[in-house]
Amino acid sequence: MSDNAESPTENQKDDPSIQHTATEHTGASDEKKKIDVLLKAVGDTPIMKTKKWSVERGRTVQSLAQFISRFLKLEPSEQLFIYVNQSFAPSPDQEVGALFECFGSDGKLVLHYCKSQAWG
Amino acid sequence: MMAGERNPASCHLDERTFRLCCQLFLQHSETIQDGWSWEQIKGTDEGFIKKTVLIPVKASVLHKQHECSMQDENTVTDDIQANVEDETAGVQAVCEIHAVLRYEYHILYSCSYQIPVLYFRASTLDGRPLALEEVWSNVHPNYRQRLQQGPWDTLTQQEHPLLGQPFFMLHPCRTEEFMKPALDLAQAENKRVNYIVTWLSVVGPVVGLDVPLSYSTEVSAPD
């Protein structure tokens, strides 16, 4: 599903713990450390061109939210909400690995994200 | 869909559904000993759910009360374990690093907004109530910047509607903003949610209240 060609400008060097699933050349040990995340936009929140990501288990929800916010170029005043299991907001300090254990299915964790309206 | 009418555009909750959601929420809290309880106001049929937690914080949060300019910021670590083991730190340093605050959270139903509202108060263990600035420094960094940029006061001091004592309140006007996506999403997937669980999972972490993941899977929506 994910495709390098779709997002040529993104700089992944800043986030080694989050990578395209397609570019993963992982050995067995890497696969255990990362989980597959599928990001789905809610409402009129911009859709990320790349939806499937490999994320280190230890990465926090807050860190992932920041990554998505940067990716979508959100204003500082805009808040990103992340939901798991459709209707539950995990704590910002929650590790994605724990979420995967609880809510993962078919080898991936589905996370919905939503941007709050900017003020004005 | 929850009991009671709700069209897709509305994120409101009627009082009966509020109570039912709370009941289901409390059942799970008891199961996992999460500490929530129902408080009934004597002589009325009004009530709310509440929980008290002890939160360890960095001394810098209470810097106004604990004057110790000698304490270097770099030596104050999040690793409480290390400080306990450091015998040479002395009692004074341990007391400053080990500040523990008592937070009491109340979830009330707001008739005017027709949604739940989170009230809380915070104090030191010796009973000193925290000031608003101190409470702000405990707001999770994930939210702090944005909440402080809001055109109105998100975190305000209010009189508790049922107890009449000063509490902090997370202003309910933003509720729709984060409830709507979750409710619409659930509706689209033909899934019923417990409003309190969804709502608390978002507002709780803002003010230091953790909502374990099991609430998401174990608490059902009211019929």
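This passage describes the fold of chain A, the interface between chain B and chain A, and the surroundings of one lysine of chain B in a predicted model.

In the predicted model, the secondary structure of chain A consists of three helices and five strands, and these elements follow one another along the sequence in the pattern β-α-β-β-α-β-α-β. Chain A has 120 residues, of which 48% count as buried. Among the contacts in chain A with a sequence separation of 6 or more, 65% are accounted for by residues 24 or more positions apart. The accessible surface computed for chain A comes to about 6000 Å², and carbon and sulfur atoms hold 46% of this surface.

The interface between the two chains draws on 31 residues from chain B and 26 residues from chain A. The area buried between chain B and chain A is about 2600 Å², with 62% of that area given by carbon and sulfur atoms. With respect to charge pairing, zero salt bridges are found by the rule across the interface of chain B and chain A, whereas four residue pairs, both members at pLDDT 80 or more, are found in polar contact across the interface. On the side of chain B that touches chain A, at least two residues each are supplied by helix H5 (141–149), helix H6 (175–188), helix H7 (195–206) and helix H8 (214–218) of chain B. The largest share of this side of chain B, six residues, comes from H5(B). When the residues on the side of chain B that touches chain A are sorted by class, 16 are nonpolar, nine are polar and six are charged.

Within chain B, attention may be turned to a single lysine. Lys51(B) lies in strand E2, which spans residues 47–57 of chain B. The relative accessible area of Lys51(B) is 7%, and the residue is therefore classed as buried, the cut-off for that class being under 20%. The side chain of Lys51(B) is joined to the side chain of Asp34(B) by a polar contact of 2.9 Å. When residues up to four places away in sequence are not counted, Lys51(B) touches Asp34(B), Gly35(B) and Trp36(B), as well as Tyr103(B), Glu104(B) and Tyr105(B), together with Leu209(B) and Asp210(B). Asp34(B) thus appears both among the residues that Lys51(B) touches and as the side-chain partner of Lys51(B) in the polar contact of 2.9 Å.

Terms used:
Residues numbered from 1 in each chain as written. Chains lettered and ligands numbered in written order. Predicted model: local features only at pLDDT ≥ 70, side-chain atom pairs only at ≥ 80, totals over all residues. Heavy atoms only, no water. Contact = heavy atoms within 4.5 Å. Buried area = accessible area lost by both parts, 1.4 Å probe. Salt bridge = Lys/Arg side-chain N within 4 Å of Asp/Glu carboxyl O. Polar contact = N/O pair within 3.5 Å; in protein donor to acceptor, adjacent residues only side chain to side chain. Helix = DSSP H or I, 4+ residues; strand = E, 2+ residues; numbered from the N terminus. Nonpolar A, V, L, I, M, F, W, Y, C, P; charged D, E, K, R; others polar. Buried < 20%, exposed > 50% of the residue type's maximum accessible area, 1.4 Å probe, protein only. Areas by Shrake-Rupley, 256 points an atom, 1.4 Å probe, with all protein chains shown as cover.
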